[in-house]
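Trainee: Please choose one part of this model and go through it closely. After that, place it in the rest of the chain.

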Amino acid sequence: MRSTSELADEVELKAALASRINELVASRGMSQREAAEKIGTTQPKISQIRHYRLGNISVGRLSQALVALEQRIDIRIRPSELSASPSVSVAA
């Protein structure tokens, strides 16, 4: 079973990825239907992302959506500093 901290990290990561997707869709003036077509999903899934209802959408699927929107995703793994607890962060 995952810890509360791990679940919180996942929720934060999903929200950050969804935020970037929403920014890209809005800046391109895309409708939900157009975004769904570009990303390769359904309009209801785009609506879920737009409203941050991300419970049944994986981090992997959100990452694939960003790639479909012509974004590059870099994952960097490094030891945490002694004074900081391990964490997940997204820089957009």
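Mentor: What follows starts from one residue and works outward.

The model is predicted, and residues are numbered from 1 along each chain as its sequence is written. Local features need pLDDT of at least 70 and side-chain atom pairs count only at pLDDT 80 or more, while totals for chains, interfaces and linings use all residues; side-chain values use heavy atoms, with hydrogens and water left out.

The residue is Lys14, in helix α1, which spans residues 4-27. Helices here are DSSP runs of H or I with at least four residues, strands are runs of E with at least two, and both are numbered from the N terminus. Lys14 has 9% relative accessibility, so it counts as buried. The cut-offs are under 20% relative accessible area for buried, over 50% for exposed, and partly exposed in between, with a 1.4 Å probe and protein chains only.

A polar atom of the Lys14 side chain lies 3.0 Å from the backbone oxygen of Leu54. Contact, meaning heavy atoms within 4.5 Å, gives a longer list: setting aside residues up to four places away in sequence, Lys14 touches Leu54, Gly55, Ile57, Ser58, Val59 and Leu62.

Val59 and Leu62 also belong to a helix pair. On the α1 side, Glu10, Leu13, Lys14, Leu17, Arg20, Ile21 and Leu24 meet Val59, Leu62, Ser63, Ala65 and Leu66 of α4. Two packed helices are described by the angle between their axes and the distance between the axes. The axes of α1 and α4 (residues 59-68) come within 10 Å and cross at roughly 20°. That angle makes α1 roughly parallel to α4. Roughly parallel covers angles under 35 degrees, roughly antiparallel over 145, roughly perpendicular 65 to 115, and oblique the rest. The axes are lines fitted to C-alpha atoms, for helices over the stretch in contact, with angles from 0 to 180 degrees between N-to-C directions. The crossing of α1 and α4 is left-handed, meaning that the near helix is turned anticlockwise from the far one by less than a right angle.

Helix α1 has a part in another piece of packing. In α3 (residues 43-50), the buried residues are Ile46, Ser47, Gln48 and Ile49, and their cover includes α1, α2 (32-39) and α4.

Now the connections. Arg28, in the loop between α1 and α2, counts as partly exposed because its relative accessibility is 36%. Beyond its neighbours within four places in sequence, Arg28 is in contact with Leu69, Glu70 and Gln71. Glu70 sits in the segment after α4 and is exposed, with a relative accessible area of 56%.

Most residues other than glycine have a negative phi. Glu70 is not a glycine, yet its phi is positive, about 65°. Tyr52, in the loop between α3 and α4, likewise is not a glycine and has a positive phi of about 55°. Tyr52 is partly exposed, at 40% relative accessibility.

Over the whole protein chain there are 4 helices and 0 strands. Of its 92 residues, 25% are buried. Among contacts with a separation of 6 or more, 62% join residues 24 or more positions apart. The chain exposes about 6,600 Å², of which carbon and sulfur atoms supply 54%; these areas come from the Shrake-Rupley method with a 1.4 Å probe, and for residues only the protein chains shown count as cover.

Technical notes
A polar contact is a pair of N or O atoms within 3.5 Å; within protein, one must be able to donate a hydrogen and the other to accept it, and residues adjacent in sequence count only if both atoms are side-chain atoms.
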